[in-house]
Amino acid sequence: MNIILRQPIGFSHIGRKDRQEDAVWPAFNNVTPQNRCIILCDGVGGSEHGEIASQISSRVIGEYLSNVLARNDYVSADDVQDAVNLAYDELENIGRGNADKAKVSMATTLTCVCFHKDGVLAAHMGDSRIYHVRPGHGILYQSNDHSLVNALVKAGSLTPEEAKSFPRKNVITKAIQPHTDRRLTAECRLLTDINAGDYLFICCDGVLEQLSNNRLVEVLSMSCLDEEKLQKLEAESLDKTRDNFTAYLIPIDSV
């Protein structure tokens, strides 16, 4: 499978927060259609240095998987976990030798899409989200949030309507978090039903404060340029979203 991309594009805003804890790899001004791996991480709120965790993790994971893809034109779930472990290593090395700094609180979510000869490997941890959208058809894949509220909905303890106002809906159950008893694994899915005209859309939970699935499909199904679609998606959150909000739109040109 030879997946050709159009130009990936994105946006990132601080929202109403004091600092930007979202990070992408590669940066929006560096990405090209030849990039085979695209990463978005969201530093976990409540940790002291979420921006460090997201910046380091996105870079380390992106660089490692890009090298794997350059060699093999393929990346596996094991490769993703090797990359995640390298991110753990680098985060745990920060301040090593200083007992206080070595235990600095930091954590980040992960969304990752890698394009290779067998399809698209989608990998994630936390409540940042990956979508595979086919215009005029709908959502073919949506990643499963690793969050307390989603676990309660799946268990039948909350209805989807109750979940919208659940007071602890930002509590996540999986993240890259150093200095813990065990290292968690990314959830991976190989997407093989890829057509020309499809989109991969990855975003942090700040985008999802305002953007519904129906609106996402509606916008991506419009007859306009990719840049106009991105502007419409961005407008859903501008001056409305409390959290940082960041997203990458990755159009499939041909397969």
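Contact, as the word is used here, means heavy atoms within 4.5 Å. Helices (H or I, at least four residues) and strands (E, at least two) are DSSP runs numbered from the N terminus, and a residue is called buried when its relative accessible area is under 20%, exposed when over 50%, and partly exposed in between (1.4 Å probe, protein chains only).

The structure is a predicted model, in which local features need pLDDT of at least 70 and side-chain atom pairs count only at pLDDT 80 or more, while totals for chains, interfaces and linings use all residues. Residues are numbered from 1 along each chain as its sequence is written, and side-chain values use heavy atoms, with hydrogens and water left out.

## Overall content

The protein chain has 7 helices and 11 strands, and of its 255 residues 50% count as buried. Among contacts between residues at least 6 apart in sequence, 73% join residues at least 24 apart.

## The open sheet

Strands of a sheet pair through backbone hydrogen bonds, either parallel or antiparallel. Here 5 strands form an open sheet in the order β3-β4-β5-β6-β9, with antiparallel pairing; two strands are taken to pair if DSSP finds at least two bridges between them. The edge strands, each pairing on one side only, are β3 (22–25) and β9 (187–191), and the twist from one strand to the next averages 10°. Three of the pairings can be described through their bridges: β3 is joined to β4 (residues 37–42) by 4 bridges, β4 and β5 pair over 4 bridges, and β5 and β6 pair over 7 bridges. Individual residues mark the register, with Asp 22 opposite Asp 42 in β4, Ile 38 opposite Val 113 in β5, and Phe 115 opposite Val 120 in β6. The hairpin formed by β5 and β6 has 2 residues between the strands.

Strand β5 is mostly covered, since 7 of its 7 residues are buried. In a regular strand the side chains alternate between the two faces of the sheet. Both faces of β5 are covered, with Leu 110, Cys 112, Cys 114 and His 116 buried on one side, and Thr 111, Val 113 and Phe 115 buried on the other. Phe 115, which lies in β5, counts as buried because its relative accessibility is 0%. Leaving aside neighbours within four places in sequence, Phe 115 is in contact with Ile 3, Leu 5, Arg 36, Leu 69, Val 120, Leu 200, Ile 250 and Ile 252. The C-alpha atoms of Phe 115 and Asn 35, which are 80 residues apart along the chain, are separated by 8.5 Å.

## Helices on the sheet

Helix α1 (residues 50–72) lies across β3, β4 and β5 (110–116) and runs at about 165° to β4; axes are lines fitted to C-alpha atoms, for helices over the stretch in contact, and angles run from 0 to 180 degrees between N-to-C directions. Helix α2 (residues 77–93) packs on the sheet as well, touching β5, β6 (119–125) and β9, and its direction makes about 40° with that of β6. Just after α1, Asp 73 takes a positive phi of about 50°.

The expected span of a helix is 1.5 Å times one less than its number of residues. For α1, with 23 residues, this gives 33 Å, and the end C-alpha atoms are 32 Å apart, which agrees; for α2, with 17 residues, the expected span is 24 Å and the end C-alpha atoms are 24 Å apart, which also agrees.

The buried residues of α2 include Asp 79, Val 80, Ala 83, Val 84, Ala 87 and Leu 91, and the buried residues of this helix pack against α1, β5, β6 and β9. Where α1 and α2 meet, the residues involved include Ile 52, Ile 56, Val 60 and Tyr 64 in α1, and Val 80, Ala 83, Ala 87 and Leu 91 in α2.

## Two helix pairs

| Helix pair | Angle | Axis separation | Crossing |
|---|---|---|---|
| α1 and α2 | roughly 140° | within 9 Å | right-handed |
| α6 and α7 | about 155° | 9 Å | right-handed |

A crossing is left-handed if the near helix is turned anticlockwise from the far one by less than a right angle, and right-handed if clockwise. Angles under 35 degrees count as roughly parallel, over 145 as roughly antiparallel, 65 to 115 as roughly perpendicular and the rest as oblique. Helices α1 and α2 are therefore oblique to each other, whereas α6 and α7 are roughly antiparallel. In the second pair, Leu 216, Val 219 and Leu 220 in α6 meet Lys 229, Lys 232 and Leu 233 in α7.
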